[in-house]
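Hi,

Here's the structure I promised to pass on. Have a look at it first, and my notes on what turned up are underneath.

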Amino acid sequence: MQTGGLLDGRGLTKRFGGVTALNEVDFTVQQGKVTALLGENGAGKSTLVACMSGAHRPDDGALLVNGLPVRFRSPDDARRAGIAVVHQEPQMLEAQTVAANIYLSQLAYRRSWTWSAGSLNERAARHLRSLGIDDLDPGRPMSTVAGAQRQLVEIARALIQQPSVLFLDEPNASLGEEETHRLFAVVRELRDRGVGVVLVSHRLREVYELCDHIVVMRDGFKVADDAASALPIRDAVRFIMGEEKALHPVASTRASSKSRRADDEAPVLELEHVSGPGFRDVSLSIRPGEIVGMAGLVGAGRTEIALAVIGAARFTSGRMLVAGRPERFRSPADAVRRGISFVPEGRRDAVFYGQSVEFNVRAGMWGRRTPGVRRLRANEANRRVRELFAQLSVKAASPRVGASTLSGGNQQKLLFARALGSRPRLLILDEPTHGIDVGVKSETHELIRELAAEGIAIWFISSEAEEIIELAQRTLVVHQGRIVAELSAEASIGDVVTSSFGEVEHAGAMR
Ligand SMILES: Nc1ncnc2c1ncn2[C@@H]1O[C@H](COP(=O)(O)OP(=O)(O)OP(=O)(O)O)[C@@H](O)[C@H]1O
Ligand SMILES: [Mg+2]
């Protein structure tokens, strides 16, 4: 353990009812270094960040800023001590502008200045440009800002007060490669200026490109604390997953799983030259048991196509066929009834935070009415919830606990479980492994293969070329709202990446 950092946690312990989320953890934020904080979903990473930044009060242990003991009573106390946090689930005022959201705490306290909207926007624009973000209008209402860009607003917000310590809790979980590079460039610059940065992430390859120091948590304990150069990535994985599990890794079954041929079965879904908000002239078909990947940059229009299919947005032209029948859904519940389930990318809008974990999953069982099948009785439904939890390794104290008490990654699994609860014929997954730890990620891949083997059609949207290559039997590449390439199972990561940028003339393309 090092001592004498910008910020030191000593013996930090935090309990939630019967769960000890943090167990006597020592953690040091070093000046001018990037420290990675790794661990499975529910390992205690966000809790540690919260205890070091005034959001939670630890039950035990001490905090030191520049070697002097401090006690934060609120995040504001921490902010005044130069500690900023980019949260896993950013909280925004939806009716306010981007600029107002960036300067939220300043506006809330009305320090010495009162700003006109115009000068606020100007300031915000300048600040965003200094971070290399020039495609986000500060005057836009926050409610119109989606996915990755919301994360950028949160990052911009954390950086206005020039913090000396910056915690980034999965800041790039919803960012594509391009935006991640931009973010990491900012982080490198901060490090060079002496800022101590802590990065929570499940994307280990990227972590190792950036970080100087690695700390691994497991079940609330710190299990590794070493220079990145002294802890190779495979050792980090062993610490993350625990010795036993890591010795029996889920084998990659890429070759065998791709052998299923679904050519002669009628498609579950066909789109014929459909256009709509954010996409145009899209044609595709997906057959039972097929895993179709959809690649592209963040903002390419992939989610928009899916939303129109499930009835959350409208087609302006073209035709959709479901199991051979022309169809247009008026709402996502309609789509669920016809066997199409969607797992959205953002959990904020989809998790019922005020309800139990169980309620969140059972909500998925209401929509589908299969002819001849009664609605599930309570105990059948409960059994199904337990099955789904086991299948997805959902980590919750019990199905009765509130959904808001789950760690970020476990909330993501909840949405997956809900979608499976309706026993869909077509499962549309939008970035399903965002924020999911390495062990569960390969289990999720395995589960997707099993579902496909049972005959469920899978439409898999991902910004991670590696993951697409691993899973998909063919991959549709979307660029600026159009499908620009269809890649075969033999395509390489390079094929996926280059075609995502709109370059179509290359080896792996089928057309
Ligand atoms: N407010 C709370 N009430 C009850 N339990 C909680 C609360 N916050 C966290 N926990 C529990 O504490 C444990 C650690 O959660 P934490 O959010 O720190 O995990 P994490 O490492 O950040 O995981 P992830 O990678 O999924 O974000 C989990 O078991 C979680 O369910
Ligand atoms: Mg977390």
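Starting with the overall fold: among contacts in the chain with a separation of 6 or more, 69% link residues 24 or more positions apart. Bear in mind that this is a predicted model. The secondary structure comes to 19 helices and 20 strands, and 47% of the 511 residues are buried.

On confidence, the chain averages a pLDDT of 85, with 90% of the residues scoring at least 70. Two stretches need a bit of caution. Residues 248-260 have a pLDDT below 50, and in the model this stretch has 10 contacts beyond near neighbours in sequence. The pLDDT is also below 50 over residues 505-511, a stretch with 18 such contacts.

Now the inside. The largest nonpolar core holds 135 residues, and L48, L199, I428, I458 and F460 have the most contacts within it. Domain 1 (7-247) and domain 2 (267-500) both contribute residues to this core, so it lies between them. If you want one residue to click on, try L48: leaving out residues up to four places away in sequence, L48 touches L12, L22, V25, F27, L37 and M217.

You'll probably go straight to the ligand. There are 20 residues around ligand 1, and F16, N41, S46, S407 and G409 come nearest. The elements giving two or more residues to that shell are β2 (19-29), α1 (45-52) and α16 (408-421). Which domains does the shell draw on? At least three of its residues come from domain 1 (7-247) and at least three from domain 2 (267-500). By class, the shell has 12 polar, 5 nonpolar and 3 charged residues.

Two smaller spots are also worth a look. The first is helix α9 (residues 233-241), where the buried residues are A236, F239, I240 and M241. Right after α9 comes G242, with a positive phi, near 90°.

The other is S285, which is found in strand β12 (residues 279-286). Is S285 buried or exposed? Somewhere in between: S285 has 15 other C-beta atoms within 10 Å, and because a buried residue needs 20 or more and an exposed one 12 or fewer, S285 counts as partly exposed. Setting aside neighbours within four places in sequence, S285 is in contact with P267, L269 and E270. The C-alpha atoms of S285 and E270 are separated by 4.2 Å, although these residues are 15 apart along the chain.

Give me a shout once you've had a look.

Cheers

Methods
Residues are numbered from 1 along each chain as its sequence is written. Chains are lettered from A and ligands numbered from 1 in the order in which they are written. This is a predicted model: local features need pLDDT of at least 70, side-chain atom pairs count only at pLDDT 80 or more; totals for chains, interfaces and linings use all residues. Helices (H or I, at least four residues) and strands (E, at least two) are DSSP runs, numbered from the N terminus. pLDDT is the predictor's confidence in each residue, from 0 to 100. Two residues are in contact if their C-beta atoms, placed from the backbone, lie within 7 Å. A nonpolar core is a set of buried Ala, Val, Leu, Ile, Met, Phe, Trp, Tyr and Cys residues joined through C-beta atoms within 7 Å. Domain bounds come from an automatic or database domain assignment. A residue is near a molecule or strand if its C-beta atom, placed from the backbone, lies within 6 Å of it. Ala, Val, Leu, Ile, Met, Phe, Trp, Tyr, Cys and Pro count as nonpolar, Asp, Glu, Lys and Arg as charged, and the others, Gly among them, as polar.
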